[in-house]
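Me: Could you help me look for empty space in a protein? I'd like to go through it slowly.

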Amino acid sequence: MKEKIIKLLNDNIEVLTAEEISDLLEIPPKPELGDFAFPCFRLAKSMRKAPQMIASEIAASLGEHPDFLQEIKTEGAYINFFLNKEALVKGIVENAIKEDYGSDTEGEGKTICIDYSSPNVAKNFHVGHLRTTIIGNSIYKIYSKLGYHVERINHLGDWGTQFGKLIVAYKAWGDEETVKEKGVEELLRLYVKFHEEAEKNPELEDEARAWFHKMELGDEEALSIWKWFVEISLIEYKRTYDLLGLDFDHFTGESFYRNMTDDVIKKLTDSNLLTESEGAKIVDLESYDMPPCLILKNDGSSIYATRDIAAVFYRKETYNFTKCLYVTGQEQKLHFAQVFKVVELLGNEWAKDQLVHIPYGLVSLGGAKLSSRGGNVIYAEDILKEAISKIKETINEKNPDLPDKDTVSRIVGVGAVMFNDLYNQRIKDVSFNWDKLLNPDGETGPYVQYTYARCSSILRNSIGYDQNAPIDYSLITDPASIALLKDISRFPSVIHDAADKYEPSVVARYVMDVAHSFNKFYTDNHINVDDEALRNARTTLVVITRRIIKDALELLGIGCVEQM
């Protein structure tokens, strides 16, 4: 319908292209102002007339309105288009009923790499890691929906001086049995213990650097202990990933690229970009208003920036990505700006457009920033289990006979945490408030999941619905049905918008709009009526809505339940 209106206007406005008309065409804030509106303010300068006069003249030049339009009116400087409601409904239903509605082939033959989650080995997976994991997983699903091949990369923090510290602590104050029994909890205790003791004995820092240097030189004992620490950590992380229902294509952390850093050093040296500063090797970025990018420490050890640069080249050569996306906290903005600039200075113009840092805000509990030093840290697994437990309590209270309560509690509880995160723009801070997060009547995951369950219940109880029967579109032209269908029609453009902005909240807010519209439709319209044609038409809207909610939640990484 929009394309037809654009063509109609394009045939009658010489000074604008079809693309410019498309950009100007609006959806009015109120239904009584039409389905689409074209503002004429921009034409005032070129046509040397008042916008109101231009609107009237263009409207008159359009002549008899085509069959797809019910009416054309002017309101001040706007030309308002009222669509033929039956034609509108028919067009939307015929598109939305298709199984692949919202999918696209724009990404065919193109690869996106997404670097996300990336917890630091030997430390607990906390709520901060949850944000990057949830956001990155949703972006992966959004791009996959558009036909891109996506490589999901978990760039574990599994290399660096901190492992020298951990080895020192393990040898001094740890033992194998306790580490096996308590896992990451014990590794974190040892790490904290090292810092406490190093304050009293600074020589421990030198000992830690020596052990890390041994790791870089391939020392068998050092690498054996390190690999053990990594394996212990992955067991815990994968348990959290299983709860979230997600996975990765690659667990290739910093250590994977450690043998590629020599090539980075050579490239920088050959390009005369590497300079010495206080015994360390840096790339001077002062002319780009950035501090220098540290490449080698004064003891010759590599640093994470070196390994990130190596990772860029490896991914480009291996996957030939169209884009490589990095989902990390906004505090790493400078780090990635430096890394991307160094890659560009090595003669890679593609770095400007293809390397993208996707930052996100902080996580807090009741407004207090989470901090391991302050003791106000929440582990991801704990918060997910707490959400599941609270949902199960509600089910036991309100629907004790619900089948498979454990599965429903897990899907709804985990979904509530994920939706709470993704409903907010990613750059904004997120606060965990249990009453708000789990409220089935609020702007929450449980509200949307309940709407899906309501659709499923309606369909289970539907009387003789025939999905192959012809639909009388005139029977679903009431305001509530039209409002629902208009929301449904936005699904393909919402997916593109979310991908363009790297913003899952676009999808989360969209599915909330659909849920609201459906519940209004359900309130205004009885479904299982005696009139077979009316029953079939309205049930078709339930079928479409149910699938749109499921597909939208799937893009957020959230599951659905048939009953709640």
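Reply: Let's start with a term: a pocket is an open set of grid points with protein on both sides within 12 Å along at least five of seven lines, and its lining residues have an atom within 4 Å of a point. Please keep in mind that this is a predicted model.

Me: OK, so which helix gives the most to the lining of the second largest pocket?

Reply: That is H5, which contributes eight residues to the lining of the second largest pocket. Helix H5 spans 85-96, and at least two lining residues each also come from helix H1 (2-10), strand E3 (78-83), helix H20 (479-489) and helix H21 (491-501).

Me: What volume does that second largest pocket have?

Reply: Its volume is about 1,300 Å³, and 40 residues line this pocket, with Ile27, Phe36, Lys486, Ser489 and Arg490 lying nearest its centre.

Me: And how does that lining split by class?

Reply: The lining of the second largest pocket is made up of 18 nonpolar, nine polar and 13 charged residues.

Me: Switching to cavities, how many of 30 Å³ or more are there?

Reply: The structure has one cavity of 30 Å³ or more, and the space in the largest cavity comes to about 30 Å³.

Me: Which residues line the largest cavity?

Reply: Val121, Ala122, Lys123, Gln162, Phe163, Leu166 and Tyr191 form its lining, and helix H7 (residues 161-173) supplies the largest share of that lining, with three residues. Sorted by class, the lining of the largest cavity consists of five nonpolar residues, one polar and one charged.

Technical notes. Residues are numbered from 1 along each chain as its sequence is written. This is a predicted model: local features need pLDDT of at least 70, side-chain atom pairs count only at pLDDT 80 or more; totals for chains, interfaces and linings use all residues. Side-chain values use heavy atoms; hydrogens and water are left out. On a 1 Å grid over the protein atoms alone, a cavity is a set of points where a 1.4 Å probe fits but cannot get out, and a pocket is an open set with protein on both sides within 12 Å along at least five of seven lines; lining residues have an atom within 4 Å of a point. Grid points are joined across faces, edges and corners, and a volume is the space filled by probe spheres set on the points. Helices (H or I, at least four residues) and strands (E, at least two) are DSSP runs, numbered from the N terminus. Ala, Val, Leu, Ile, Met, Phe, Trp, Tyr, Cys and Pro count as nonpolar, Asp, Glu, Lys and Arg as charged, and the others, Gly among them, as polar.
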